[in-house]
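Trainee: Got a minute to walk me through this one? I'd like to get the fold straight before I look at single residues.

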Amino acid sequence: MLPIDYEDEGYRFYKTLNEDIELKPDEHNQWDMTFENGDIINLTGHDSLRNAICIAIMTRYKELSHNQLYNEFGCRVHELIKANKSRMVEYKIELFIEDVLTHMRRVKKVNYVNITDNPKGNTYKYLVEFNVTSISDKTVMGRVNL
């Protein structure tokens, strides 16, 4: 069982946002679990929501279709991996990510999705920044490198 901080604000007041294990990208943008003192880090509240959004975006659409609960889970952004960069590709990335965010039960409203081409001069990447209002009426911001 994961260690739980029962005094944490997210655990005490935002249980509807669920719990999750923390995933973070490394310097090569490979996402993996993070550990502290040999234990997996447990996230609650809005941190859990931000983490869940990143997981949903980084999961290919229908990748988990072998499980009926997750038949429509994931993001179509992976269809654009080999597409040449263009304004249309940026627009599709925005639409695909907005679609994922809109269909998450913990998200009340998508405030914005911003796509930045060539973040920090990296020609082959996009930076996706998002801002949503959770079902608890708080805003959550995050970013994903694609």
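Mentor: Let's take the overall layout, then the sheet, then a few single residues.
Mentor: This is a predicted model, where local features need pLDDT of at least 70, side-chain atom pairs count only at pLDDT 80 or more, and totals for chains, interfaces and linings use all residues. Residues are numbered from 1 along each chain as its sequence is written, and side-chain values use heavy atoms, with hydrogens and water left out.

Trainee: OK, how many helices and strands are there in the chain?
Mentor: The chain has 3 helices and 9 strands. Helices (H or I, at least four residues) and strands (E, at least two) are DSSP runs, numbered from the N terminus. Reading from the N terminus, the order is α-β-β-β-β-β-β-α-α-β-β-β.

Trainee: And what share of the residues counts as buried?
Mentor: 34% of the 146 residues. Buried means under 20% relative accessible area, exposed means over 50%, and partly exposed is in between (1.4 Å probe, protein chains only). The chain exposes about 9,700 Å², with carbon and sulfur atoms supplying 48% of that. Those areas come from the Shrake-Rupley method with a 1.4 Å probe, and for residues only the protein chains shown count as cover.

Trainee: Which strands make up the open sheet of 3?
Mentor: The order is E7-E8-E9, with antiparallel pairing. E7 and E9 are the edge strands, each pairing on one side only. From one strand to the next, the twist averages 15°.

Trainee: How many bridges hold each pair?
Mentor: E7 (residues 107-117) and E8 pair over 9 bridges, while E8 and E9 (residues 139-145) pair over 7. Two strands pair if DSSP finds at least two bridges between them.

Trainee: Which residues sit across from each other?
Mentor: On the E7 side, isoleucine 115 has valine 128 in E8 as its bridge partner, and asparagine 114 has glutamate 129. On the E9 side, threonine 133 stands opposite threonine 139, and leucine 127 is opposite asparagine 145.

Trainee: Is E8 mostly covered or uncovered?
Mentor: Mostly covered: E8 spans residues 126-134, and 8 of its 9 residues are buried. E9 has two faces, a covered one with Val140, Gly142 and Val144, and an uncovered one with Thr139, Met141, Arg143 and Asn145.

Trainee: What lies across the sheet strands?
Mentor: H2 lies across E7, E8 and E9, at about 35° to E9. H3 lies across E7 and E8, running at about 160° to E7. The axes are lines fitted to C-alpha atoms, for helices over the stretch in contact, and angles run from 0 to 180 degrees between N-to-C directions.

Trainee: How many residues are in the largest nonpolar core?
Mentor: It has 25 residues, and those with the most contacts inside it are Leu49, Ile53, Ile93, Ile97, Leu101, Met104 and Val132. H2 (45-58), H3 (87-102), E7, E8 and E9 each supply at least two residues of this core. A nonpolar core is a set of buried Ala, Val, Leu, Ile, Met, Phe, Trp, Tyr and Cys residues joined through side-chain atoms within 4.5 Å.

Trainee: Switching to single residues. Is asparagine 131 buried or exposed?
Mentor: Buried, because its relative accessible area is 7%. Asparagine 131 lies in E8, and its side chain makes a polar contact with the side chain of asparagine 111 (2.6 Å). A polar contact is a pair of N or O atoms within 3.5 Å; within protein, one must be able to donate a hydrogen and the other to accept it, and residues adjacent in sequence count only if both atoms are side-chain atoms.

Trainee: What else is asparagine 131 in contact with?
Mentor: Leaving aside neighbours within four places in sequence, its contacts are Val110, Asn111, Tyr112, Thr139, Val140 and Met141. Contact means heavy atoms within 4.5 Å.

Trainee: Which residues have a positive phi although they're not glycine?
Mentor: Lysine 62, at about 65°, is one of them, and lysine 120, at about 55°, is another. Lysine 62 is in the loop between H2 and H3 and is partly exposed at 37% relative accessibility. Lysine 120 is in the loop between E7 and E8 and counts as exposed at 88%.
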